Amino acid sequence: MSVALPLLWIVIPCYNEEKVLPMTAPIFLDKLKKLVSGGLVSDSSRILFVNDGSKDSTWEIITALSRQDSHFIGISQSRNRGHQSSLLAGLMEAKGKCDITISIDCDGQDDINAMDEMVRKYKDEGCQLVYGVRSSRKKDSFLKRFTAESFYKILHSMGAEVVFNHADYRLVSGKVLDAFSDFNEVNLFLRGLFPLIGFKSGTVYYERNERLAGESHYPLAKMLSLALDGITSLSVKPLHFISVFGLLIALISFVGVVWSVVQVIRGKTVAGWASTTCIICFVSGVQLISLGIIGEYIGKIYMETKSRPRYIISERTY
């Protein structure tokens, strides 16, 4: 008795990718056809481009590709909402229409040949989630390598379940997507949410390449913003740190008050502007930092309670 081949949708978020998309689209199509000819996936599989409100001709390129080959399909968000929102839109669009999805960036940096092993882990080992993990960061600058690896270590120390050196290159089964649809967070950090779902998972290691064309859409500011979202969305330990630090400062302050009273009794007090100023600045700085961290969490709560749509699809090519 023959077993039906899994139907795959490759989900690719795109934002201002007019330079690189004409180069990578044929590569993705060639890989899909090799997966089909190799008996790994069904010929009904598709490549889904998600336009994230691009300001260039990205959407026009996607629509042209969909006319050239039926394996290409596309959806467009009503405006730019960010990489995580676009990826979510693509995954939810694929839910119920395929057996497995593989999400990958448009720039050609992730090794598409890792898809073969991802699909095999799904078919042969029953893995419902397969994470694409960078085997090394030798090609990154020292600053990027240091900040990226520190980010994962900090998240892990905060109690967040993240896969070290994994971004958003992963295989997700239809069963996992069904379960994931019950996650209604507005503040999205997908690489931290999928491990929370459970199910059997696997890992595929690969070398990351240089971007084929165009410029990265993740400069340092966006990376820091994503890191902040990840920490505040997955962990409340910063709030615990504030409490512990506050108790420590209170203890030191109590000791200082006792010492001051003793010095007054001994008649050895001397008016000191510098010491007073240092204490005031230190305590004020601690208070402002603490309020800032608390404010981040309150802001997240504020956005969640609004329950606004996480994405809005304005157009489809099919």
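**Exercise 1. A salt bridge in helix 4**

Task: Lys121 forms a salt bridge with Glu125; work out how far apart the closest N and O atoms are, where the two residues lie, and whether each counts as buried or partly exposed.

Solution: The structure is a predicted model, and in it the closest N and O atoms of Lys121 and Glu125 are 3.7 Å apart. Next, place the pair: both residues lie in helix 4, 4 residues apart, which is about one turn of the helix. Then take the accessibilities in turn, with buried meaning under 20% and exposed over 50%. Lys121 has 14% relative accessibility and therefore counts as buried, whereas Glu125, at 42%, counts as partly exposed.

**Exercise 2. A salt bridge in helix 1**

Task: Describe the salt bridge between Lys34 and Asp30, and decide from their relative accessible areas how each residue is classed.

Solution: Begin with the distance, which is 3.3 Å between the closest N and O atoms of Lys34 and Asp30. Both residues lie in helix 1, and they are 4 residues apart, about one turn of the helix. Lys34 has a relative accessible area of 48%, so it is partly exposed, and Asp30, with 38%, is partly exposed as well. As background, side chains of opposite charge can pair when their charged atoms come close. A search of the whole structure finds 7 salt bridges.

**Exercise 3. A network of charged residues**

Task: Find which residues are joined into one network with Asp168 by salt bridges that share partners, and state whether Asp168 and Arg170 are buried or exposed.

Solution: The starting point is the salt bridge between Asp168 and Arg170, whose closest N and O atoms are 2.8 Å apart. Asp168 has a relative accessible area of 6% and is therefore buried, and Arg170, with a value of 0%, is also buried. Following the shared partners then brings in Arg191, so that Asp168, Arg170 and Arg191 belong to one network. Arg170 also has a place in the sheet, where Ser103 stands opposite this residue of strand 6.

**Exercise 4. The order of the sheet**

Task: Give the order of the 8 strands in the open sheet, and explain why one side of strand 7 and of strand 8 is left without a neighbour.

Solution: Reading across the sheet, the strands follow the order 7-5-6-4-1-2-3-8, and their pairing is mixed. Strand 7 and strand 8 (residues 313–316) stand at the edges and have a single partner strand each, so one side of each lacks a neighbour in the sheet. From one strand to the next, the twist averages 20 degrees. At the strand 8 end, 3 bridges join that strand to strand 3 (residues 72–77), and the two run antiparallel; Ile75, for instance, has Arg316 in strand 8 as its bridge partner. Helix 2 packs on the sheet, where it touches strand 1, strand 2, strand 3 and strand 8, and its direction makes about 150 degrees with that of strand 3. Helix 7 (residues 190–197) likewise packs on the sheet, touching strand 5 and strand 6, with about 40 degrees between its direction and that of strand 6.

**Exercise 5. Strand 4 and its partners**

Task: Determine in which sense strand 4 pairs with strand 1 and with strand 6, and which of its residues are buried on either side.

Solution: Strand 1 and strand 4 pair in the parallel sense over 4 bridges, and within this pairing Leu8 has Ile100 of strand 4 as its bridge partner. Strand 4 and strand 6, by contrast, run antiparallel and are joined by 4 bridges. In a regular strand the side chains alternate between the two faces of the sheet. In strand 4 both faces are covered, since Ile100 and Ile102 on one side and Thr101 and Ser103 on the other are all buried.

**Exercise 6. The nonpolar cores**

Task: Name the residues that touch the most other members of the largest nonpolar core, and say which element supplies the largest share of this core.

Solution: This core has 35 residues, of which Ile12, Leu21, Ile47 and Phe49 touch the most other members. Several elements each supply at least two residues, including strand 1, strand 2, helix 2 and helix 4, while the largest share, 6 residues, comes from helix 1. Among the contacts of Phe49 are Ile12, Leu21, Ala25, Ile62 and Phe72. Apart from this core lies another, of 27 residues, including Tyr131, Leu177, Leu193 and Ile197.

Notes. Residues are numbered from 1 along each chain as its sequence is written. This is a predicted model: local features need pLDDT of at least 70, side-chain atom pairs count only at pLDDT 80 or more; totals for chains, interfaces and linings use all residues. Side-chain values use heavy atoms; hydrogens and water are left out. A nonpolar core is a set of buried Ala, Val, Leu, Ile, Met, Phe, Trp, Tyr and Cys residues joined through side-chain atoms within 4.5 Å. Buried means under 20% relative accessible area, exposed over 50%, partly exposed in between (1.4 Å probe, protein chains only). Contact means heavy atoms within 4.5 Å. Two strands pair if DSSP finds at least two bridges between them. Axes are lines fitted to C-alpha atoms, for helices over the stretch in contact, and angles run from 0 to 180 degrees between N-to-C directions. A salt bridge is a side-chain nitrogen of Lys or Arg within 4 Å of a carboxyl oxygen of Asp or Glu. Lists of a residue's contacts leave out its neighbours within four places in sequence.
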